[in-house]
Amino acid sequence: MRIQWETGGRLGVAQRPMLASQRMVMIATLAVALMVFAVVMVTSVPAAQAAGQQCANAHANINKIGINKARTAFYCLLNEERKVAGVGIVESDSRIELAAQRHSQDMVKRDYFSHAAPAPAPYGRFPADRIEAAGWPYDVGASETIGGGPTPHWVLSSWLGSRGHCQILMYHGVDYVGLGWYRGTATLDVVSDMRNDYVVRSLACPRKMQTNNLPTVSKLKAVRRGKRLTVRVRTNQPTIKVRVEIYVTKTKKTLRKVVRTNKQGGATARFRVAGPKGFVNADVIIGGKVRSGRATMYR
């Protein structure tokens with residue numbers, strides 16, 4: 001007895017031989033099915049990879065989403081960047097988060113910006129002291145980064161753009177992290193295993209973020225000559241809108257201009273200002289909404 005595939009598609013015993021026209025129909029049907037399967041396979045793999053690189057609330061305002069969602073987004077972004085760098089992922093810990101949160105709040109409330117808390121230091125002067133005060137029971141190698149920004153992506157992007165901060169975040173021996181954020185001031189406490197030698201791998205630091213790479217302002221420079229203020233903006237994408245705002249400290253007025261970047265991602269805005277100093281803020285606008293930006297001062 002001979003076994004073959006029937007034209008109906010089930011496995012069975014030998015049947016009457018197929019006509020040539022029937023064979024052609026079956027071959028064409030199989031060819032179409034294989035083409036559809038190949039298309040599904042090709043399109044689904046990149047989609048899955050892209051989904052793995054998306055972190056919810058990465059560009060959301062921390063004031064609106066709250067610290068818990070901001071932490072989740074930040075840790076997601078950080079681990080994606082560490083995967084790209086090949087240094088493995090890190091875990092968060094509520095005790096380290098508490099130490100970082102206390103330090104962010106203390107810096108804002110007592111108006112200082114430093115890793116060393118001035119006396120009196122209720123939770124410890126240095127990062128390791130604050131982590132121990134928060135309940136971490138182990139002898140640790142502690143590091144800390146401080147900065148700020150309105151979104152998780154902005155905070156991490158600014159740290160990765162600084163060589164020293166980047167090397168701490170990308171250090172292969174980091175085990176646990178904890179993010180604190182209070183009124184725009186961010187603290188990240190980092191704990192590494194003391195058994196690991198503190199050798200920073202030869203990484204490309206500073207580095208640009210590889211994940212959730214929406215348009216951002218990478219550089220902002222304000223040059224003043226008399227009453228003329230020239231603001232030069234550099235973004236990571238060409239032909240996008242950027243809103244440039246000037247806050248004049250003396251007059252307490254805000255001046256605004258919307259400019260479009262050129263093919264190299266650069267743009268220039270010019271203002272006439274009065275007074276000794278002020279603030280400059282440049283924000284990327286996507287779909288009519290402000291997404292991310294950078295701030296600086298002019299004198």
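Select Arg-130 and Glu-144 to begin: both residues are buried, where buried means under 20% relative accessible area, exposed means over 50% and partly exposed lies in between, calculated with a 1.4 Å probe on protein chains only. Their side chains meet in a salt bridge at 3.0 Å, N to O, the term being used for a side-chain nitrogen of Lys or Arg within 4 Å of a carboxyl oxygen of Asp or Glu. Arg-130 lies in helix 4 and Glu-144 in strand 4 (residues 141-148), so the pair ties together parts that are 14 residues apart in sequence. Helices (H or I, at least four residues) and strands (E, at least two) are DSSP runs, numbered from the N terminus.

What you have open is a predicted model, in which local features need pLDDT of at least 70 and side-chain atom pairs count only at pLDDT 80 or more, while totals for chains, interfaces and linings use all residues. Residues are numbered from 1 along each chain as its sequence is written, and side-chain values use heavy atoms, with hydrogens and water left out.

**Around helix 3 and the loop after it**

From Arg-130, move to Arg-125, which is found in the loop between helix 3 and helix 4 and is partly exposed, with a relative accessible area of 40%. Leaving aside neighbours within four places in sequence, Arg-125 is in contact with His-115, Ala-116, Ala-117, Pro-118 and Arg-130, contact meaning heavy atoms within 4.5 Å. If you draw a distance between the C-alpha atoms of Arg-125 and His-115, which are 10 residues apart along the chain, it should read 8.0 Å.

In the loop between helix 3 and helix 4 (127-133), select Pro-120 and look at the peptide bond that leads into it from Ala-119, which is cis, with omega near -5°. Most peptide bonds are trans, and most residues other than glycine have a negative phi.

Next, select Asp-106 in helix 3 (residues 94-109). Asp-106 forms a salt bridge with Arg-110, with the closest N and O atoms 2.9 Å apart. Asp-106 counts as buried at 13% relative accessibility, whereas Arg-110, at 30%, counts as partly exposed. Beyond the neighbours within four places in sequence, Asp-106 is in contact with Asp-111, Tyr-112 and Ala-117.

**Two residues with positive phi**

Select Asn-57 in the loop between helix 1 (20-52) and helix 2 (62-85), where the backbone has a positive phi of about 65° although the residue is not a glycine. Asn-57 is partly exposed, with a relative accessible area of 31%. Then go to Arg-183, in the loop between strand 5 (174-182) and strand 6 (185-192), which also is not a glycine and has a positive phi of about 50°. Arg-183 is exposed, with a relative accessible area of 65%.

**Strands 9 and 10**

Select Glu-245 and Arg-256, whose side chains meet in a salt bridge at 2.6 Å, N to O. The pair links distant parts of the chain, with Glu-245 in strand 9 (residues 241-248) and Arg-256 in strand 10 (residues 253-260), 11 residues apart. Glu-245 counts as buried at 16% relative accessibility, while Arg-256 is exposed, with a relative accessible area of 56%. Add Arg-243 to the selection, and you have a network of salt bridges linking Arg-243, Glu-245 and Arg-256. A search of the whole structure finds seven salt bridges.

**Aromatic rings**

Now select Phe-74, Tyr-75 and Trp-159, which ring pairs link into a cluster. Rings of Phe, Tyr and Trp (its six-membered ring) pair if their centres lie within 6.5 Å, and planes under 30 degrees apart count as stacked, over 60 as edge-to-face and the rest as tilted. By this rule the count comes to three aromatic pairs. Phe-74 and Tyr-75 form an edge-to-face pair, 6.2 Å centre to centre with 75° between the planes. Phe-74 counts as buried at 1% relative accessibility, and Tyr-75 is buried too, with a relative accessible area of 12%.

**The whole chain**

Finally, zoom out to the protein chain, which has six helices and 13 strands. Buried residues make up 39% of its 299 residues. Of the contacts in the chain with a separation of 6 or more, 60% are accounted for by residues 24 or more positions apart.
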